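This report describes one protein chain part by part. The sequence and the structure come first, and the description follows.

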Amino acid sequence: MLTLEQLAELVQAGSVDTVIVAFSDLYGRFMGKRFDAEFFLEEVSQHGTHGCDYLLTVDMEMEPVPGYQYANWEKGYGDFHLVPDLQTLRLASWLDRTALVICDVEDEASHQQVSLAPRTLLRRQVERAEALGYTAYGASELEYYLFRLSYREAARRGYRDLDAAGWYIEDYHILQGSRVEAFTAAVRRHLKRSGVPVENSKGEWGLGQHELNIRYSPVLTMADRHALYKQCLKEVADQMGLSVTFMAKFAEGQAGSSCHLHLSLWQDGTNAFAGGETFGPVQASPLFRWFLGGWIHYLPELMVFYAPTVNAYKRYQAGSWAPTRLAWSYDNRTAGFRVVGRGQSLRIECRVPGADCNPYLAYSASLAAGLEGIAQQIEPPAPFAGDVYAARHLPHVPRSLGEATDLFEQSEFVRRVLGEEVVEHYTHFFRVEQAAYDRAVTDWERRRYFERI
């Protein structure tokens, strides 16, 4: 991490000559500009910069999408203002002589934060927690697949017949992990040198699937770290002629890639979830119970923020390590909500999000639901013991992006907590994503129908 003074020293010494000024778009991708480091110090660090407001309305292909009220052709696609959060200024050690800073998005005229920008949404929920006297801490467990060919070559092949980094299941497997340690060790070191503390890495349950865990932190910092993690891994893979994917379900015969979210609330340096009340197998505070109750209760209405793509819903299959039903258990990996830890380490792990989630939106949804649970004192269901996959009486997670978008759009709670503008904007965003899939002709269709229909 860097102060402006430290950056100036590195610039003067010739160690840094470029500063990336970036923000999160709706997909969770970093967008922005590269600045000459001296110009950044003289101008951008104090006054920010501009970006086209269409960046909060484009699709995956960067095409302007009609139908948004926030920005459109009729309004001329003007600018918004990018304001560097200097607490995020850091070296990007995987890039040559480069620093990076994450920005908040403000309206060009009023200089108020744009309400529908992902980082703004999370800031609002953090402020809501702080108003109640709590600091929310979180951690993301991100999984990904690694392939022994470049992104360009993968695209040339139409993303078919890709050479996975492993050829048998390597969950916790040290030998298989050693075969890709040149990549994994490089990203561990780069993340650490770039202000993202690393805990560990390990093989996962798919062929060539891995997980790298970073230290927990306040949730806004964690969302920033999560976004940097993905950027670092993709760019280091690109440099090495490799590729990684954070698709939630890369292949129908392989495990999906998750983003397990861990959350707890702290007050005066103490875990507010800890307490003396017996709640099933857990000793906890009423606050823990209500937060868990709200998170479970409102998850269907906020599902689009955990599973934002058509592909994401193909991950929810019985026996796949991805949850299918809304239940909580203590240290039970078949449950959508797995409670772990005791005392000061007590926390809730939500296993529903996929690796394709936008971390700012996923943490916003989690905090919004949990805090509403506290406000309404929502009781969670009784703890479940056993195989949740086999519990057919329990409610299923939404089964498609279309179903989840309907629940989001119709939710009185979401409109009240996130605002009408946010609901309308993101509803359109997810409808456009679904429509793009509905128009596509897939390999599955060709295999099934080409000859035999």
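## Two residues with positive phi

Trp-321 is partly exposed, as its relative accessible area is 41%. The model is a predicted one. Trp-321 sits in the loop that runs between α8 and β16. Although Trp-321 is not a glycine, its phi is positive, at about 75°.

Met-62 is another non-glycine residue with a positive phi, here about 70°. Its loop lies between β3 (49–52) and β4. With a relative accessible area of 26%, Met-62 is partly exposed. The table sets the two residues side by side.

| Residue | Phi | Relative accessible area |
|---|---|---|
| Trp-321 | about 75° | 41% |
| Met-62 | about 70° | 26% |

## Tyr-306

The loop between α8 (286–298) and β16 (328–330) also holds Tyr-306. Is Tyr-306 buried or exposed? Its relative accessibility is 0%, so Tyr-306 counts as buried.

Leaving aside neighbours within four places in sequence, the contacts of Tyr-306 include Leu-261, Trp-295 and Leu-299. Val-352, Pro-353, Gly-354, Asp-356 and Cys-357 are also among them, and so are Ala-362, Ala-365 and Ser-366. Ala-362 is 56 residues away from Tyr-306 along the chain, and the C-alpha atoms of the two are separated by 5.4 Å.

## Strand β6 and its partners

In β6, nine of the 10 residues are buried, which leaves the strand mostly covered. Several strands pair with β6, and they are taken here in turn.

β1 and β6 run parallel and are joined by five bridges. Within this pair, Ala-22 has Ile-102 of β6 as its bridge partner.

Strand β4 (residues 79–84) pairs with β6 in the antiparallel sense, over five bridges. Asp-104 in β6 is the bridge partner of Val-83.

Strand β5 (residues 90–91) is also antiparallel to β6, and two bridges join them. Opposite Arg-90 stands Leu-100 of β6. β5 and β6 form a hairpin with six residues between the strands, and in this hairpin Arg-97 takes a positive phi near 50°.

## Helix α3

Helix α3 covers residues 118–131, which makes 14 residues. From its first C-alpha to its last α3 reaches 20 Å, close to the 20 Å expected at 1.5 Å a residue.

Which residues of α3 are buried? They are Pro-118, Arg-119, Thr-120, Leu-121, Leu-122, Arg-123, Gln-125, Val-126 and Ala-129. These buried residues pack against two strands, β1 (18–24) and β6 (98–107), and against the helices α7 (219–239), α9 (359–376), α11 (412–418) and α12 (420–439). Just after α3, Gly-133 has a positive phi of about 95°.

The UniProt record, an unreviewed entry, places the feature "domain: GS catalytic" at residues 118–453. That span is 40% helix and 17% strand, and its end C-alpha atoms lie 45 Å apart.

## Domains and cores

The domain assignment divides the protein chain into domain 1 (4–109) and domain 2 (126–448). Between the C-alpha centres of domain 1 and domain 2 the distance is 26 Å. Their contact takes 23 residues from domain 1 and 23 residues from domain 2.

How many residues does the largest nonpolar core have? It has 137 residues, and those with the most contacts inside it are Leu-265 and Tyr-426. α7 gives the most to this core, with 11 residues. Domain 1 (4–109) and domain 2 (126–448) both give residues to the core, so it lies between them.

A second, separate core has seven residues, among them Phe-147, Leu-149, Ala-154 and Ala-255.

To return to Leu-265 of the largest core, its contacts can be listed, not counting residues up to four places away in sequence. Leu-265 touches residues including Tyr-134, Thr-135 and Ala-136. Thr-270, Asn-271, Ala-272 and Phe-273 are also among the residues that Leu-265 touches, as are Leu-287, Phe-291, Leu-367, Leu-371 and Ile-374.

Key. Residues numbered from 1 in each chain as written. Predicted model: local features only at pLDDT ≥ 70, side-chain atom pairs only at ≥ 80, totals over all residues. Heavy atoms only, no water. Helix = DSSP H or I, 4+ residues; strand = E, 2+ residues; numbered from the N terminus. Expected span 1.5 Å × (residues − 1). Buried < 20%, exposed > 50% of the residue type's maximum accessible area, 1.4 Å probe, protein only. Contact = heavy atoms within 4.5 Å. UniProt positions renumbered as here; feature names shortened; annotations may be inferred. Pairing = 2+ DSSP bridges. Core = buried A, V, L, I, M, F, W, Y, C linked by side-chain atoms within 4.5 Å. Domains from an automatic or database assignment.
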